[in-house]
Amino acid sequence: MKKILTSLALVGLVAAGTAAFAAEEAHNAAAPTHFPINEPKEMSWSFTGPFGTYDKAQLQRGLKVYKEVCSACHSMNLVAFRTLSDLGYNEAQVKTLAAEYTIHDGPNDAGDMFDRPGKPSDHFPAPFANEEAAAASNGGAAPPDMSLLAKARGVERGFPQFVFDIFTQYDAGGPDYIHSLLTGYDQTPPAGMVIPEGTHYNPYFMSGVSLKMPKPLSDGQVTYDDGSPQTVDQYSRDVAAFLTWAAEPHMEDRKKMGFRVLVFLLLFGALVYLTKRKVWEGVAH
């Protein structure tokens with residue numbers, strides 16, 4: 001009888017421990033303390049790695065997504081229209097694209113401000129007059145400028161990932177985060193999680209369980225002329241690539257220069273070694 005009671009007690013302890021662990025897991029899921037809740041998904045990008053290059057067709061599609069969707073709320077104050085020639089546009093196309101925008105300029109000779117069509121030397125105009133107006137139009141949270149967003153939004157990777165990143169040269173934290181955020185709106189929050197009113201749950205958001213920005217993309221929203229899929233996933237890939245270029249337009253030149261420097265150092269090192277051998281070959285050691 002004593003053995004039976006002991007066995008029952010052990011079974012009860014195990015069951016209680018299991019229930020407590022499950023309850024703790026449910027509580028942690030409903031009240032997370034670490035963000036983003038889900039790590040951004042690692043995507044395949046043409047511009048990663050020591051020999052990566054930008055896909056100009058993808059950058060042009062990303063520009064179109066920005067113009068037709070993102071530019072309604074987000075500025076790109078540091079990007080000039082003339083730099084779009086790097087995307088494969090000729091001078092006439094850049095002038096036409098810049099002229100689609102209205103630039104508030106001045107003062108003129110009479111001291112008045114005026115509006116005019118954009119020129120290649122202009123930067124993308126902001127959709128709001130100032131940050132206060134942007135915040136007032138977006139529920140109190142001003143949308144961030146997108147000029148350097150792909151560099152500013154990389155998520156820190158914990159151990160042992162950051163160790164592997166040293167050897168793999170992982171440098172796509174920003175675009176991975178942007179893609180995951182834009183595709184992460186349709187997920188359902190865990191049971192018991194409180195989502196503040198007027199916000200939208202997204203497990204990839206790096207500052208909380210939800211954000212003010214509603215889901216910005218939907219299938220078929222932007223028309224592509226090159227036959228690429230018109231899906232949220234493709235839109236997110238393309239605009240993430242475009243924002244990466246906006247944040248680092250000279251990446252390809254930097255990588256080419258780095259490769260040339262390494263080749264030079266290898267050749268220079270070999271010449272120094274051969275010179276040393278030649279100079280000291282007749283000297284007894």
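Analyst: Before we start, one definition: a helix axis here is a line fitted to C-alpha atoms over the stretch in contact, and the angle between two axes runs from 0 to 180 degrees between N-to-C directions. Also keep in mind that this is a predicted model.

User: Got it. What does the chain contain, and how are its elements ordered?

Analyst: The protein chain has 9 helices and 4 strands. Starting at the N terminus, the order is α-α-α-β-β-α-α-α-α-β-β-α-α. Of its 285 residues, 33% count as buried. Take contacts between residues at least 6 apart in sequence: 64% of them join residues at least 24 apart.

User: Why are α2 and α8 called roughly perpendicular?

Analyst: Helix α2 (residues 56-68) and helix α8 (residues 232-247) pack at about 100°, and their axes are 7 Å apart. The label roughly perpendicular covers angles from 65 to 115 degrees. The pair is therefore roughly perpendicular.

User: Which residues make that contact?

Analyst: From α2 it's Q58, L59, R61, G62, L63, V65 and Y66, and from α8 it's Q234, Y235, R237, D238, V239, A241, F242 and W245. By type, the contact residues split into 9 nonpolar, 3 polar and 3 charged.

User: L63 is on that list. What makes L63 count as buried?

Analyst: Buried means under 20% relative accessible area. L63 has 1% relative accessibility, so it counts as buried. This residue lies in helix α2, and beyond four places away in sequence it touches L84, L87, Y89, L97, F124 and F242.

User: How far apart are L63 and A240, in sequence and in space?

Analyst: L63 and A240 are 177 residues apart in sequence, while their C-alpha atoms are 9.9 Å apart.

User: Over on α8, what makes T244 count as buried?

Analyst: T244 is part of helix α8. With 8% relative accessibility, T244 counts as buried, as the cut-off is under 20%. Leaving out residues up to four places away, T244 touches F47, Y54, A150 and P175. Its C-alpha is 9.7 Å from that of M146, with the two positions 98 residues apart in sequence.

User: How do you know that the buried residues of α3 are on the same side?

Analyst: Helix α3 (residues 91-99) has V94, L97 and A98 as its buried residues. They span an arc of only 100° around the axis, which puts them on the same side of α3. As a general point, an α-helix has 3.6 residues a turn, so residues three or four places apart point the same way. Among what covers the buried residues of α3 is α2.

User: And what makes N90 a cap for α3?

Analyst: A side-chain oxygen of N90 lies 3.2 Å from the backbone nitrogen of A92, at the N-terminal end of α3. A polar contact needs N or O atoms within 3.5 Å, and the N90 distance of 3.2 Å meets that limit.

User: Why is helix α7 called largely enclosed?

Analyst: Helix α7 (residues 173-183) has 10 of its 11 residues buried, so it is largely enclosed by the rest of the structure. The buried ones are G173, G174, P175, D176, Y177, I178, H179, S180, L181 and L182. Their cover includes α5 (149-152) and α8.

User: What makes S180 buried, and what does its side chain reach?

Analyst: S180, found in helix α7, has 0% relative accessibility and so counts as buried. Its side chain reaches the backbone nitrogen of K41 at 2.9 Å, inside the 3.5 Å limit for a polar contact. Outside its neighbours within four places in sequence, S180 is in contact with P40, K41 and Y204.

User: Why is D122 counted as buried?

Analyst: D122 has 10% relative accessibility, so it counts as buried, given the cut-off of under 20%. D122 is in the loop between β2 (114-117) and α4 (131-136). Apart from neighbours within four places, it is in contact with V79, A80, F81, I103, R116 and P117.

User: Last one: how do you know that the peptide bond from G106 to P107 is cis?

Analyst: Its omega is near 0°. P107 lies in the loop between β1 (102-105) and β2. A cis peptide bond also joins F35 and P36, with omega of about 0°, and P36 lies in the loop between α1 (2-30) and α2.

Conventions: Residues are numbered from 1 along each chain as its sequence is written. This is a predicted model: local features need pLDDT of at least 70, side-chain atom pairs count only at pLDDT 80 or more; totals for chains, interfaces and linings use all residues. Side-chain values use heavy atoms; hydrogens and water are left out. Helices (H or I, at least four residues) and strands (E, at least two) are DSSP runs, numbered from the N terminus. Angles under 35 degrees count as roughly parallel, over 145 as roughly antiparallel, 65 to 115 as roughly perpendicular and the rest as oblique. Contact means heavy atoms within 4.5 Å. Ala, Val, Leu, Ile, Met, Phe, Trp, Tyr, Cys and Pro count as nonpolar, Asp, Glu, Lys and Arg as charged, and the others, Gly among them, as polar. Buried means under 20% relative accessible area, exposed over 50%, partly exposed in between (1.4 Å probe, protein chains only). The arc is that of the directions from the helix axis to the C-beta atoms. A polar contact is a pair of N or O atoms within 3.5 Å; within protein, one must be able to donate a hydrogen and the other to accept it, and residues adjacent in sequence count only if both atoms are side-chain atoms.
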